[in-house]
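Thanks for coming. I have one structure to go through today, and I will put it on the screen now.

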Amino acid sequence: MIEIRLFATFRENRKKIDYIDSNQVEKALDIVNYYGIDPEDVAICLINGFHSKLTDSIKDGDVVALFPPVGGG
Amino acid sequence: MRYSRQTIMECIGDKGQKRLSNAKVAVIGAGGLGCFVLNELALAGVGYIRIIEDDNVSLTNLNRQFIYKESDISNSKVKVAVNYLRERNGLVELDGVEERLTEANATELLKNIDIVVDCVDNVETRMVVNDYCVDKDIPLVEAAVNGLHGFVMAIRKNYPCLRCIGYENTKLKGVNEAIGAAVGIVASIEALEVIKIIVGMNELLYGNMLMIDCNDYSIEKVPLRLSDECRRH
């Protein structure tokens with residue numbers, strides 16, 4: 001299973017923490033598409049705490065965290 | 001007597017209070033986060049605060065930037081903030097700098113500073129501050145807020161920075177959403193982290209991104225890793 005953690009506005013009408021069968025997805029981008037998130041809206045993607053690209057591969061047991069832009073002062 | 005309610009805290013004490021009074025802190029940005037942070041640091045007795053901000057007060061600031069009044073509109077934020085804070089704690093040395101912090105002036109504007117607090121509203125300045133503090137190994141407390149969501153990080157040389165998480169690629173869209181009650185929560189955590197670093201407390205945010213969700217009132221620490229691709233590490 002892949003653990004998905006969504007933050008800030010990505011949580012609206014979605015779960016904060018979700019799980020997807022690792023056979024269903026190959027890249028972080030597949031997860032973004034699965035949730036109907038516009039890839040352009042993803043400011044930060046972390047895989048197991050490491051900065052990652054949406055095109056990076058994911059494997060069983062990974063934790064993928066997705067953040068929208070947050071930058072106000 | 002002034003600080004007695006905090007010096008009786010075991011984690012602060014007289015020793016911690018002395019550290020606060022000896023500390024030199026730069027707060028970059030005197031907007032939403034900055035107003036709350038400046039107030040908290042001045043009231044707690046941080047001895048020297050440099051306020052770096054080049055903006056003037058506008059009507060849209062007044063829903064959250066409590067330091068400013070209607071009669072301050074169009075006036076320099078730095079000047080108004082210095083006067084406001086001076087009246088609240090005359091023991092604090094306040095140094096107002098009416099300039100925008102850039103790569104070119106960062107060394108000059110952040111000279112002799114022990115801790116930097118980032119309260120700006122744009123990615124470009126955040127990255128300048130991040131790079132300077134990582135290069136010089138100066139503790140940086142970073143925060144940002146949008147609507148009901150915000151984050152706080154503590155950064156220094158041997159810990160993950162904004163570049164480590166790819167923050168430089170963040171593209172902010174349109175006008176930032178902001179309500180004072182939520183901005184204040186994020187800013188208070190940012191100010192508390194500064195105080196904890198100065199006093200020498202444990203349980204700091206280095207290596208983590210604290211995500212604050214004022215929609216469901218949850219707070220989560222997200223562990224971060226140093227990135228091989230980071231230009232600063």
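I will take the sheet in chain A, then the cysteines, then the contact between the two chains.

Keep in mind that this is a predicted model.

Start with chain A. Its strands β2-β1-β5-β3-β4, in that order, form an open sheet of 5 strands, and the pairing is mixed. The edge positions go to β2, residues 17-20, and β4, residues 50-51; each has a single partner strand, so one side of each has no neighbour in the sheet. Further in, β3 of chain A, residues 44-47, runs antiparallel to β5 of chain A, residues 63-67, and 4 bridges join the two. On β3 and β5, one pair to look at is Cys45(A), which stands opposite Leu66(A) in β5(A).

That residue brings me to the cysteines. How many disulfides does a search of the whole structure find? Over all chains, the number is 0. A disulfide would need two cysteine sulfur atoms within 2.5 Å. For Cys45(A), the closest cysteine sulfur belongs to Cys164(B), and at 15 Å it is too far for a bond. Cys45(A) is also buried, at a relative accessible area of 3%. Now Cys214(B): its sulfur lies 16 Å from the closest cysteine sulfur, the one in Cys119(B), and that too is too far for a bond. Cys214(B) is buried as well, with a relative accessible area of 10%.

Next, the contact between the chains. Chain A puts 21 residues into it and chain B puts in 35 residues. Together, chain A and chain B bury about 2,300 Å², and carbon and sulfur atoms account for 56% of that. Which three residues of chain A supply more of the area it buries against chain B than any other three? They are His51(A), Val70(A) and Gly73(A), with 27% of that area.

On the polar side, there are 6 salt bridges between chain A and chain B. One of them joins the side chains of Arg11(A) and Glu220(B), at 2.5 Å from N to O. Polar contacts between chain A and chain B come to 13 residue pairs, counting pairs with both residues at pLDDT 80 or more. As for where the sheet comes in, β3 and β4 of chain A each supply at least two residues of the side that touches chain B. To tie that back to the sheet, β4 is one of the two edge strands, and β3 is the strand bridged to β5.

That is what I have; I will take questions.

Definitions and conventions
Residues numbered from 1 in each chain as written. Chains lettered and ligands numbered in written order. Predicted model: local features only at pLDDT ≥ 70, side-chain atom pairs only at ≥ 80, totals over all residues. Heavy atoms only, no water. Buried < 20%, exposed > 50% of the residue type's maximum accessible area, 1.4 Å probe, protein only. Pairing = 2+ DSSP bridges. Helix = DSSP H or I, 4+ residues; strand = E, 2+ residues; numbered from the N terminus. Contact = heavy atoms within 4.5 Å. Buried area = accessible area lost by both parts, 1.4 Å probe. Salt bridge = Lys/Arg side-chain N within 4 Å of Asp/Glu carboxyl O. Polar contact = N/O pair within 3.5 Å; in protein donor to acceptor, adjacent residues only side chain to side chain.
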